[in-house]
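This report looks at a few side-chain contacts, one helix and the enclosed spaces of a single chain. Please keep the sequence and the structure in view while reading.

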Amino acid sequence: MRADREFAYGAAAGLLGDLLLGDPRRGHPVAVFGRAAAAVERVLWQDDRGRGALHTAVCVGGAVALGSLAVRLVRSSPAASVALTGAATWAVVGGTSLAREARAVGRALESGDLEAARARLPHLCGRDPQALDADGIARAVVESVAENTSDAVVGALVWGAVAGVPGLLGFRAVNTLDAMVGHKSPRHLRYGWASARLDDVAGWPGARLTAVLAAAAGPDPRGAVLAWRADAAKHPSPNAGPVEASFAGALGVRLGGTLSYAGRVEHRPVLNGGGRAVTVADIDRAVRLSRRVGWLALGAGAAARIGVRAVARAVPRVRGKGRTA
């Protein structure tokens, strides 16, 4: 079986596994990686960019090396290769957990239980829930669904299409490190610099593909494109901007504005300013759009791998004919 088909079958199996099984309650591979990364930080930490860069190299390099070793061990068996790709895809994507947490907040809001919604929101994002009313929580959920569609699903599939299992594991390692040390806390402002910058680079293609697919799969493609073009660059994150703007335009809602992280207030630009305010019903609409984008990303990745392989096989034949002539 060719490598492009192994990726397509394995990644599809992994996405289906995530849909049916979700994340395990205990022993999740990403949590295991997080504990290992924390142990490395305890050994290496200094308020220094160089030490942080070494931390990033050790953790990401270790994940990529582990993936490469696993691929070598199963390369003689197509079935085992498909199974490995499926297991790696299931381990690194988080679409089902994202949908479950978003809808749990939505149900709490629908029932009028604001305190339950506030208690659940930290499972999705780092916003200060006590600073948010019901509409603010709904907006935070939609923004988190949009951003995490790229981070937790599409970005991983993009790097899986590029580099197989090592790409899947490497991207999740980068994204996890950014969540752990890439924020601007006093401890990690310098130490986490390399992780944050690497996450910006690794997330760039997945974020743009997510924005494109949200426009294609959403109820208002034109609105998504217009919001992306007009507002994405205003966002402080180079990758969250296109994704959130495209989702906002596709859903016809207004995102951005004032928010609070652990008491620190930020005034972010409004995305799709002509849209309406987010309501609780938009949470489920955002989740459905996220699902469609994830499956379309799988199709795009598989098609890209098949197309690249076809071109690579055709070039030598064309050159050979040229020499014969």
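## An aromatic pair between two loops

Tyr191 is buried in this predicted model, its relative accessible area being 0%, whereas Trp45 is partly exposed, with a relative accessible area of 30%. The structure holds one aromatic pair, and these two residues form it: the ring centres lie 6.5 Å apart and the planes meet at 40°, an arrangement that is described as tilted. The tilted label follows because an angle under 30 degrees would count as stacked and one over 60 as edge-to-face, while the angle between Trp45 and Tyr191 is 40°.

The two partners come from distant parts of the chain, 146 residues apart. Trp45 sits in the loop between helix 2 and helix 3, and Tyr191 in the loop between helix 7 and helix 8.

## A salt bridge between the two loops

Which residue forms a salt bridge with Asp47? The partner is Arg190, with the closest N and O atoms 4.0 Å apart. Arg190 lies in the loop between helix 7 (134-181) and helix 8 (193-217), and Asp47 in the loop between helix 2 (29-44) and helix 3 (49-74), so that this pair, too, links distant parts of the chain, with their positions 143 residues apart. The loops named here are also those that hold Tyr191 and Trp45.

Both members of this salt bridge are partly exposed, Arg190 at 39% relative accessibility and Asp47 with a relative accessible area of 45%. Each is classed in this way because its value falls between the limits of under 20% for buried and over 50% for exposed.

## Salt bridges involving helix 11

A search of the whole structure finds twelve salt bridges, among them one between Arg103 and Asp284, whose closest N and O atoms are 2.7 Å apart. This pair links helix 5 (residues 95-110), which holds Arg103, to helix 11 (residues 281-324), which holds Asp284, and the two residues are 181 residues apart. Arg103 is partly exposed, with a relative accessible area of 30%, and Asp284 is also partly exposed, at 28%.

The side chains of Asp282 and Arg276 meet in another salt bridge, at 2.7 Å from N to O. Here the two partners differ in exposure: Asp282 is buried, with a relative accessible area of 1%, while Arg276 is partly exposed, at 37%. Elsewhere, salt bridges that share partners join Arg103, Asp284 and Arg288 into one network.

## Helix 10

How many of the residues of helix 10 are buried? Twelve of its twelve residues are, and the helix is accordingly described as mostly covered. The buried residues include Glu244 and Ser246, as well as Val243, Phe247 and Leu251.

The end C-alpha atoms of helix 10 (residues 240-251) are 16 Å apart, which agrees with the span of 16 Å expected for twelve residues at 1.5 Å a residue. Just after this helix, Gly252 takes a positive phi of about 75°.

## The largest cavity

The structure holds one cavity of 30 Å³ or more, and the space in the largest cavity comes to about 130 Å³. Of the 13 residues that line it, those closest to its centre are Asp18, Gly95, Val153, Ser290 and Arg291.

Helix 1 (3-21), helix 5, helix 7 and helix 11 each give two or more residues to the lining of the largest cavity, and the largest share, five residues, comes from helix 11. By class, this lining consists of eight nonpolar, three polar and two charged residues.

## The second largest pocket

The second largest pocket has a volume of about 350 Å³. It is lined by 21 residues, of which Pro29, Phe33, Ala63, Leu66 and Leu169 are the closest to its centre.

The elements that give two or more residues to this lining are helix 2, helix 3, helix 4 (78-92) and helix 7, and helix 3 provides the largest share, with seven residues. By class, the lining of the second largest pocket has 17 nonpolar residues, three polar ones and one charged residue.

Terms used:
Residues are numbered from 1 along each chain as its sequence is written. This is a predicted model: local features need pLDDT of at least 70, side-chain atom pairs count only at pLDDT 80 or more; totals for chains, interfaces and linings use all residues. Side-chain values use heavy atoms; hydrogens and water are left out. Helices (H or I, at least four residues) and strands (E, at least two) are DSSP runs, numbered from the N terminus. Buried means under 20% relative accessible area, exposed over 50%, partly exposed in between (1.4 Å probe, protein chains only). On a 1 Å grid over the protein atoms alone, a cavity is a set of points where a 1.4 Å probe fits but cannot get out, and a pocket is an open set with protein on both sides within 12 Å along at least five of seven lines; lining residues have an atom within 4 Å of a point. Grid points are joined across faces, edges and corners, and a volume is the space filled by probe spheres set on the points. Ala, Val, Leu, Ile, Met, Phe, Trp, Tyr, Cys and Pro count as nonpolar, Asp, Glu, Lys and Arg as charged, and the others, Gly among them, as polar. The expected span of a helix is 1.5 Å times one less than its number of residues. Rings of Phe, Tyr and Trp (its six-membered ring) pair if their centres lie within 6.5 Å; planes under 30 degrees apart count as stacked, over 60 as edge-to-face and the rest as tilted.
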